Amino acid sequence: MTESNLIKLMERQSAGKCGLIDYQTIENGPQSVVEKIEELKNQGNRYAVTDAFTVEHLQTISQATRSLKLLTGGSGLAPGIASHYASGTQDFASASLMGYPENAPTIVLSGSCSVMTNKQVGVYKQLVPSYELNIVDCLDNSDYVEIVTEWVKGNLDSTPLAPIVYATAQPEELKRIQDRYGMKESSEAVETFFQRLAERLSDIGIKNFIVAGGETSGAVTKGLGVNGFYIGPQIAPGVPWVKSIDGSISLALKSGNFGDEQFSKKHRTFGYD
């Protein structure tokens, strides 16, 4: 990318004009930002880009944009948004309990190849039964989901911690796999496998899923048919337990580099002691 002007980028990728809310406006407080938004609307702008240099700027933006239908940005916006919504919540403890996991059969699934996930898998598989996926079988073996499901069934009660199924690979191994089978093909094969596996594991009674990897989390959630969930207690910064609206499934969904090396075994902190 050679264009650094976000206003121009927005206008190239969307329909309509984009305006700017500069940092001077933001430093004048939330009401100043609200007034600027109205001004930009009256000028025919459909979108606005904001300046932000400090945490205080992000807090101001979060407060001023509460009524907007769409707000996007970096993760730094999230604490401000959460704090403003939580300020109107009278029974936060009860809301959190709705997302609390139950003492139930649990599995760890890892499809991320990030540096931190590699470390987490390396630590965790020393403690529990572990199954490393074979990419060739994911691509070509129609019985592979049943094979792995049977392995999980046979190892659910072997330790106090949940077993792990992982497709995590070191960068050199990942490149070798992608060179042989194709980057898109190998990636899609793994995600499709996790989607089908999650569905089968739910069928055999597994209720709690700890998932590493953004795409893997999406695949697992789709396989489980989860359309919405309650947010429960936090395992690591940015990674809470969540429970499906119907209460049948609990998940901990993490992007690759979230959490520390002990992340995967922390599921016993909530509901399993």
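This is a short talk on the helix packing and a few single residues in one protein chain, and the model is a predicted one.

I will start with the chain as a whole. The protein chain has 273 residues, and 40% of them are buried. Its secondary structure comes to 12 helices and 9 strands. If we take the contacts with a separation of 6 or more, 71% of them join residues 24 or more positions apart.

Now to the helix pairs. There are three to go through, and I will take them in sequence order.

The opening pair is helix 3, residues 30–42, with helix 4. Their axes come within 8 Å and cross at roughly 55°. Angles from 35 up to 65 degrees fall in the oblique class, and helix 3 and helix 4 are therefore oblique to each other. The crossing of helix 3 past helix 4 is right-handed. On the helix 3 side, the contact uses Pro-30, Val-33, Val-34 and Ile-37, and on the helix 4 side it uses Thr-60, Gln-63 and Ala-64. By class, that contact between helix 3 and helix 4 holds 5 nonpolar residues, 2 polar ones and no charged ones.

While we are at helix 4, let me point out one of its residues. Ser-62 sits in helix 4, which covers residues 55–64. Is Ser-62 buried or exposed? Ser-62 has 2% relative accessibility, so it counts as buried. And what does its side chain reach? The side chain of Ser-62 comes to 2.8 Å from the backbone oxygen of Leu-58.

Next is helix 9, residues 144–155, with helix 11. The two axes cross at roughly 50° and come within 10 Å. Helix 9 and helix 11 are therefore oblique to each other as well, and their crossing is right-handed. From helix 9, the residues in the contact are Tyr-144, Val-145, Glu-146, Val-148, Thr-149 and Val-152. From helix 11, they are Phe-193, Arg-196, Leu-197, Arg-200 and Leu-201. The contact of helix 9 with helix 11 divides into 7 nonpolar, 1 polar and 3 charged residues.

Helix 11 also packs on helix 12. Helix 11 covers residues 183–203 and helix 12 covers residues 214–224; the angle between them is about 40°, and their axes are 7 Å apart. Helix 11 and helix 12 are therefore oblique to each other, and helix 11 passes helix 12 in a right-handed crossing. Helix 11 brings Glu-191, Phe-194, Gln-195, Ala-198, Glu-199 and Ser-202 to this contact. Helix 12 meets them with Glu-215, Thr-216, Ala-219, Val-220, Lys-222, Gly-223 and Leu-224. In the contact of helix 11 with helix 12 there are 5 nonpolar, 4 polar and 4 charged residues.

Let me stay with helix 12. Which of its residues are buried? They are Thr-216, Ser-217, Ala-219, Val-220, Thr-221, Gly-223 and Leu-224. The elements that cover these buried residues include helix 11, as well as strand 3 (106–110), strand 6 (208–212) and strand 9 (250–254). Just after helix 12 comes Gly-225, with a positive phi of about 70°.

One residue of helix 12 is Ser-217. Ser-217 has a relative accessible area of 8%, so it is buried. Setting aside neighbours within four places in sequence, Ser-217 is in contact with Val-211, Leu-253 and Lys-254. Lys-254 is 37 residues away from Ser-217 in sequence, while their C-alpha atoms are 7.3 Å apart in space.

The last residue is Lys-207. Where is Lys-207 found? Lys-207 is in the loop between helix 11 and strand 6. With 36% relative accessibility, Lys-207 counts as partly exposed, because that class lies between 20% and 50%. Apart from neighbours within four places in sequence, the contacts of Lys-207 are Ala-104, Pro-105, Ser-248, Ile-249 and Ser-250. Lys-207 and Lys-243 are 36 residues apart in sequence, and C-alpha to C-alpha they are 9.8 Å apart in space.

To go back over the helices: helix 3 crosses helix 4 in a right-handed way, the crossing of helix 9 and helix 11 is right-handed, and helix 11 passes helix 12 in a right-handed crossing. On the single residues, Ser-62 is buried, Ser-217 is buried, and Lys-207 is partly exposed. That is the end of the talk.

How values were computed: Residues numbered from 1 in each chain as written. Predicted model: local features only at pLDDT ≥ 70, side-chain atom pairs only at ≥ 80, totals over all residues. Heavy atoms only, no water. Helix = DSSP H or I, 4+ residues; strand = E, 2+ residues; numbered from the N terminus. Buried < 20%, exposed > 50% of the residue type's maximum accessible area, 1.4 Å probe, protein only. Polar contact = N/O pair within 3.5 Å; in protein donor to acceptor, adjacent residues only side chain to side chain. Axes fitted to C-alpha atoms, helices over the stretch in contact; angles between N-to-C directions. Parallel < 35°, antiparallel > 145°, perpendicular 65-115°, else oblique. Left-handed = near helix turned anticlockwise from the far one by under 90°. Contact = heavy atoms within 4.5 Å. Nonpolar A, V, L, I, M, F, W, Y, C, P; charged D, E, K, R; others polar.
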